[in-house]
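Visitor: I've got a coffee and a free half hour. Walk me through this one, pockets to begin with.

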Amino acid sequence: MKTKSKRQVFNQIKKKICNLDSYTDGEEILIVKEVLNLSNIDLLKKEVYTDKELRKINRVVTRRLKDMPLNKILKKQNFYGYDFFINSRVLAPRKETELLVEMALKDCKKNCSILDLCCGSGCIGLSIAKNLKEYKKIVLSDISFRALSVARRNKRKLNINGFVYLKRSDLFQGLKKFGKFDIIVCNPPYISSSDCENLSKSVKNYDPIISLDGGKQGLDFYEKIATNLDEYLQINGRLFLEIGYNQKQSVQKIFEEKGYKTKCFKDYSNCDRIVIVERG
């Protein structure tokens with residue numbers, strides 16, 4: 001049986017994928033670890049790789065060379081400390097979106113009702129559910145049946161029971177039976193249609209366009225949400241929105257013109273990222 005050393009394996013993978021626009025430093029190590037299901041200690045100890053192991057690794061590298069993101073190949077993405085199942089039907093959770101969960105959790109009170117609007121994989125709403133001891137209800141909604149099937153799978157995967165509901169809905173349509181919410185969280189599509197055309201292959205070819213395209217200026221969903229917000233947000237309730245790096249003023253203006261108070265917070269990279277809208 002032929003074998004290759006650790007150094008040979010890592011160098012060969014890196015040589016193949018390092019010119020991809022979506023390559024990140026050390027990705028070759030992550031590929032080996034994930035494909036062979038190795039712990040950090042096992043990865044350090046392992047000095048040689050068999051033909052069988054190399055074939056498994058090469059199958060992933062071949063798909064990676066088509067600019068398919070590693071998380072979509074593995075159908076897994078860690079978010080807020082939990083491993084979520086993902087596929088081409090949903091947007092892969094981004095690290096910066098964890099701030100949306102963190103800020104919403106700080107505002108959650110006992111027996112509050114929460115809506116995750118445009119839930120996709122369910123990463124936001126389900127992460128909140130995992131970290132709250134008590135809540136009245138949590139509703140995850142999305143227009144896509146396919147996205148909801150992924151969110152439902154993640155609900156089972158994370159062993160979430162209790163009053164957590166999944167509902168197909170075009171924004172607020174179809175949610176009246178749940179009443180008003182104390183907290184609404186939403187990471188809507190906010191990339192302008194023109195910018196969507198220039199996205200990298202790793203995003204454009206493997207994330208659903210419905211989760212990315214926010215209309216001509218990227219603001220369509222904020223405007224639609226603002227129009228109907230009073231019907232679904234309790235008095236003194238709060239809406240937590242993720243925004244694009246250059247959308248702070250535009251998004252705040254949309255809600256402030258309708259009488260809401262707003263605040264904007266930066267993410268860990270010092271980019272404007274979260275707008276909180278409060279109904280007085």
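Visitor: Which classes of residue make up the lining of the largest pocket, and how many are there of each?
Guide: Bear in mind that this is a predicted model, with residues numbered from 1 along each chain as its sequence is written. Local features need pLDDT of at least 70 and side-chain atom pairs 80 or more, totals for chains, interfaces and linings use all residues, and side-chain values use heavy atoms, leaving out hydrogens and water. Sorting by class (Asp, Glu, Lys and Arg are charged; Ala, Val, Leu, Ile, Met, Phe, Trp, Tyr, Cys and Pro nonpolar; the others, Gly among them, polar), the lining comes to 21 nonpolar, 13 polar and 9 charged residues.

Visitor: How much space is in the largest pocket?
Guide: A pocket here is an open set of 1 Å grid points over the protein atoms alone where a 1.4 Å probe fits, with protein on both sides within 12 Å along at least five of seven lines; lining residues have an atom within 4 Å of a point. The lining takes in 43 residues, and P188, P189, Y190, S211 and L212 are the closest to the centre. Filling the points, joined across faces, edges and corners, with probe spheres gives about 940 Å³.

Visitor: Which helices and strands each supply at least two residues of that lining?
Guide: Helices (H or I, at least four residues) and strands (E, at least two) are DSSP runs, numbered from the N terminus. Checking these against the lining of the largest pocket turns up α7 (123-131), β6 (137-142) and α11 (220-228).

Visitor: And which element gives the largest share of the second largest pocket's lining?
Guide: That pocket holds about 690 Å³, and its 24 lining residues have L30, P69, L70, N71 and Q77 nearest the centre. By class, the lining has 7 nonpolar, 7 polar and 10 charged residues. At least two apiece come from α2 (27-35), α5 (70-74), β3 (76-79) and α10 (201-204). The largest share, 4 residues, is from α5.

Visitor: Where do α2 and β3 get tied together?
Guide: A salt bridge puts a Lys or Arg side-chain nitrogen within 4 Å of an Asp or Glu carboxyl oxygen, and the whole structure has 14 of them. In one, E34 and K76 meet at 2.7 Å, N to O. E34 sits in helix α2 and K76 in strand β3, so parts 42 residues apart in sequence are tied together by the pair E34 and K76.

Visitor: What stands opposite K76 in β4?
Guide: Strands count as paired when DSSP finds at least two bridges between them; β3 and β4 (residues 82-85) have 4, in the antiparallel sense. They make a hairpin with 2 residues between the strands, and Y80 in the turn has a positive phi of about 55°. Across from K76 you'll find F85.

Visitor: Which strands are the edges of the open sheet of 7 strands?
Guide: Read the order across: β7-β6-β5-β8-β9-β11-β10, with mixed pairing. An edge strand pairs on one side only, and that picks out β7 (164-168) and β10.

Visitor: Do β5 and β6 run parallel or antiparallel?
Guide: In this pair, D116 stands opposite L140 in β6. With 5 bridges joining β5 (residues 113-117) to β6, the direction is parallel.

Visitor: Which residue is K263's bridge partner in β11?
Guide: β10 (residues 261-266) and β11 (residues 272-278) run antiparallel, joined by 6 bridges. The two form a hairpin with 5 residues between them, where N270 in the turn has a positive phi of about 70°. The partner of K263 is I276.
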